[in-house]
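I sat down with this one to look up two things: pockets and salt bridges. My notes are below, in the order I went through them.

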Amino acid sequence: MADDSDMERTEPATSKRLSRAREQGDVPRSREMATCVMLLIGGSCVWTFSGPLVTSLNRVMVAVLSFERAAAYDPVVLFNMLSAHFMEVAVAIIPLAFMMTLAAMASPLILGGWLFNVDSLAPKFSKLNPISGITNMFSINSLAELVKAVLKTVLVGTVAWLAIMSQIDAVMGLGVESLKTSSSHSAYLLWVTFIMMVSPLILIAVMDVPYQIWNYGRKLRMTREEVKQEHKESEGDPHIKGKIRAMQRAMARRRMMAEVPTADVVVTNPTHYAVALKYTEGKMGAPKVVAKGFDDIAAKIREVARENKVPLLEAPPLARALHTHTEIGDEIPEALYTAVAEVLAYVFQLRTYGQFGGNRPVEPTELNVPKELDPVTATKKPRGPQRRTMQ
């Protein structure tokens, strides 16, 4: 389909896509680099441990070729002798074998790091599809592997021919040298030839690593729709998040309305604002706001307050200041202590009047509300002095 074509995959893989690919065992690997590193480590180990190994092999060869005549007729003696020499060679080979095993395990991990995935061991019958196999044969990756194989063959073959031709005289001269001299000389020739043949593999590995990284990124590229879908899955669908926020606001509103019947007083604007206050002496340092709202919510707070016989007091500046500068559950600002104290004193007097009768308390009208806390007076710009004119 057009949506799945490489032309549509213009976006780089996201971190989530890369993590998911890694979990599935898909990481960039370079066989050329692994082969090159393993050959270099193997050659270095052979050169390093060649002394003890050659010494052990020399002793074994001398011992095997110069055993006593009686040992040839006694299988037990011959077996014990060969076993001892075999263990001597095995001990000499152990460091080399250990380093080669370590190199074989570590060299593929240089690019991509350590990864173990059980799913990779499961059989995938989709790989038996002949159509997919033919498609993979003519893919960009297969073409690149073919180019690398031809390049390796040409380079290594050319370098090997040059190495042999440059050392042909020295190789032919080994026959007239002594055993000790020819042994050391042949080891030197082999090491030089080995380095010359590995050099083109180093060049190929240096070229292959950036290609594998680029090809891995190209393979995991995404379409814009996939990026958007992944973003929705990670961050959440905006519509669903909006519904969740609406539900959360509704739940918070219900909890707030449940606190209104416990309030001591509701200060109103009287129409736009409503703030419910509660104060418990000895348990609170200052009165707290248990509910507040604007317009429709304010009307609902007033309705619930009337149903539960919570006093309502019209004090527009105080209502606006409380609504602007407090949140639900907060204590009132210190600058409003005096005004709220007058309101609570009126409420407590009203309760006493309801229980015992007497003179009805007068509602406070002139409350001390700082102008900078009232959003209406705080936003008004003071007028400059007016200039009088002579008539």
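What follows are my entries on the pockets, then on the charged pairs.

**Entry 1, before starting.** I'm working from a predicted model.

**Entry 2, largest pocket.** I pulled up the largest pocket and got a volume of about 620 Å³. Its lining has 20 residues, and Ser50, Val54, Ser183, Ser186 and Ala187 sit closest to the centre. I then checked which elements put two or more residues into that lining: α2 (31–48), α3 (50–65) and α8 (179–219). Helix α8 has the largest share, with nine residues. Sorting the lining by class gave me 11 nonpolar, eight polar and one charged.

**Entry 3, second pocket.** The second largest pocket holds about 450 Å³. I found 19 lining residues there, with Asn141, Gln212, Asn215, Tyr216 and Lys219 nearest the centre. Helices α6 (140–166) and α8 each give at least two residues to this lining. Here too α8 gives the most, six residues. The class split reads four nonpolar, five polar and 10 charged.

**Entry 4, salt bridges.** How many salt bridges does the structure hold? I got four, and I wrote up three of the pairs.

**Entry 5, Glu11 and Arg224.** This pair has its closest N and O atoms 3.3 Å apart. Glu11 lies in the segment before α1 (15–23) and Arg224 in helix α9 (224–235), so the bridge joins parts of the chain 213 residues apart. For accessibility, I noted Glu11 as partly exposed at 24% and Arg224 as exposed at 57%.

**Entry 6, Arg17 and Glu226.** The closest N and O atoms of this salt bridge are 3.9 Å apart. It ties helix α1, through Arg17, to helix α9, through Glu226, with the two positions 209 residues apart in numbering. Is Arg17 buried or exposed? Arg17 is buried, because its relative accessible area of 18% falls under the 20% cut-off. Glu226 comes out partly exposed at 26%.

**Entry 7, Lys292 and Glu327.** My last pair is a side-chain salt bridge at 3.9 Å, N to O. Lys292 is in strand β3 (288–294), while Glu327 is in the loop between α12 (316–325) and α13 (337–356), 35 residues away along the chain. Lys292 counts as buried at 14% relative accessibility. Glu327 is partly exposed at 49%, because exposed would need over 50%.

How values were computed
Residues numbered from 1 in each chain as written. Predicted model: local features only at pLDDT ≥ 70, side-chain atom pairs only at ≥ 80, totals over all residues. Heavy atoms only, no water. 1 Å grid on protein atoms, 1.4 Å probe; cavity = no way out; pocket = protein on both sides within 12 Å on 5 of 7 lines; lining within 4 Å. Points joined across faces, edges and corners; volume = space filled by probe spheres on them. Helix = DSSP H or I, 4+ residues; strand = E, 2+ residues; numbered from the N terminus. Nonpolar A, V, L, I, M, F, W, Y, C, P; charged D, E, K, R; others polar. Buried < 20%, exposed > 50% of the residue type's maximum accessible area, 1.4 Å probe, protein only.
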